[in-house]
Amino acid sequence: MTGDVWLPYPADQIPGLPGEKESGLTYRRWDGEETFPADPADCVFYVVPYLSATDVALRPLPAMENLRVVQTLSAGTDNVAPTVAALPEGVMLCNARGVHEASTAELALTLTLASLRGIPRFVAGQRAEEWRSGFYPALADRTVLIVGYGSIGAAIEDRLTPFECARVLRVARSARATERGEVHPFTALPTLLPEADVVILSTPLTEQTRGLVDAEFLARLKDGALLVNVARGPVVDTEALLAEAGTGRVSAALDVTDPEPLPAGHPLWHAPGVLVSPHVGGSTSAFEPRAKRLLARQLTRFAAGGQPDNIVLTARG
């Protein structure tokens, strides 16, 4: 396969890339700038600029007539999948499985512990010079429900293991057995939700999961439950969450919101018991080395005529 590869990094900063002479590939750096680095029609492998706006990510695609692979550097592909699905037959969309697990799982645990142990209250107390002592919930002896048990969900459980949780319950699109125990299907949620002290969302955004956390979902949670969202904002019905949080019955820690970015004046900023972080689950020092290793592996396979890993859909034209 010959042609251009559009990368968000200079090629010489990605160890292990196939050489241009040997592979027939030409590396072009493009990280969302207004001017394209070359004719998009010559691009065969497009790496979507990380954290780019959807319109920026999609802008070159209609002109990429010879495209074979679209590689995201995010775990979710919901922003580009509909457009890629409509491209000529055979174009493959790949996600960044293996890049974000460590960072996202780390933040899920951070948000869980911060919310349970009252860290936002302590920060406010420090600013007010108030000693806000007392008893706070622990993660130990709690039942945690992970909704979306893929590679990120499994990484979250890895980090929960030392904290002496009473149980970890797992839910995914379909049931299966793992070494750690049963993974339940989404249809089991009505039965599992009342058992959970903490619910961690790590599911992709799909038609099945959009609005999954609605008023009925929240009503099934026990009093004092904590909802943690490191998935996508629209997995949660914002109005339903605001209504439930307003009663003080449940709390939430959100790395993603709907809308996003959360605008000034939005009621989520000041909702009781709600902790908000600005979608930084994957944006850590761990991202770049893992992303570059992924690109080197994918392009090595591509240059050798093999199929890339992490394919989430193939366009049918």
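Which residue with a positive phi follows α4? In this predicted model, that residue is Gly118, with phi near 80 degrees.

**View 1. Helix α4 and its packing partners.** Helix α4 covers residues 101-116, 16 residues in total. From first C-alpha to last, α4 reaches 22 Å, close to the 22 Å expected at 1.5 Å a residue. Its buried residues are Glu101, Ser103, Thr104, Ala105, Leu107, Ala108, Leu109, Leu111, Thr112, Ala114 and Leu116. These buried residues pack against two helices, α5 (119-128) and α6 (151-160), and against the strands β10 (198-201), β11 (226-229), β12 (251-254) and β13 (274-276). In an α-helix, residues three or four places apart point the same way, because there are 3.6 residues a turn.

**View 2. The Trp30–Phe36 ring pair and its cluster.** The structure holds 8 aromatic pairs. One of them joins Trp30 and Phe36 in an edge-to-face arrangement, 5.5 Å centre to centre and with 70 degrees between the planes. Trp30 has 1% relative accessibility and therefore counts as buried. Phe36, at 25% relative accessibility, counts as partly exposed, because the partly exposed class lies between 20% and 50%. Ring pairs link Trp30 and Phe36 with Trp6 and Tyr46 into a cluster.

**View 3. The Phe45–Phe302 ring pair.** The ring centres of Phe45 and Phe302 are 5.3 Å apart and the planes stand at 70 degrees, so this pair is edge-to-face, the cut-off for that class being over 60. Phe45 belongs to strand β3 (residues 43-47) and Phe302 to helix α10 (residues 287-303); the pair links distant parts of the chain, 257 residues apart. Both Phe45 and Phe302 are buried.

**View 4. Charged ends over tyrosine rings.** Two sites are shown. The charged end of Arg170 sits over the ring of Tyr149, 5.9 Å from the ring centre. At the other site, Lys292 places its charged end over the ring of Tyr9, at 5.0 Å from the centre.

**View 5. Surroundings of Ser202.** Ser202 lies in the loop between β10 and α8 (215-219). Its relative accessibility is 11%, so Ser202 counts as buried, the limit being under 20%. The Ser202 side chain reaches the backbone oxygen of Gly148 at 2.6 Å. Apart from neighbours within four places in sequence, Ser202 is in contact with Ile146, Val147, Gly148, Ile152, Gly153, Ile156, Val230 and Ala231. Gly148 thus appears both in this contact list and as the residue whose backbone oxygen the Ser202 side chain reaches.

Conventions:
Residues numbered from 1 in each chain as written. Heavy atoms only, no water. Helix = DSSP H or I, 4+ residues; strand = E, 2+ residues; numbered from the N terminus. Expected span 1.5 Å × (residues − 1). Buried < 20%, exposed > 50% of the residue type's maximum accessible area, 1.4 Å probe, protein only. Contact = heavy atoms within 4.5 Å. Phe/Tyr/Trp six-rings, centres within 6.5 Å; stacked < 30°, edge-to-face > 60°. Lys NZ or Arg CZ within 6 Å of the ring centre and 35° of its normal. Polar contact = N/O pair within 3.5 Å; in protein donor to acceptor, adjacent residues only side chain to side chain.
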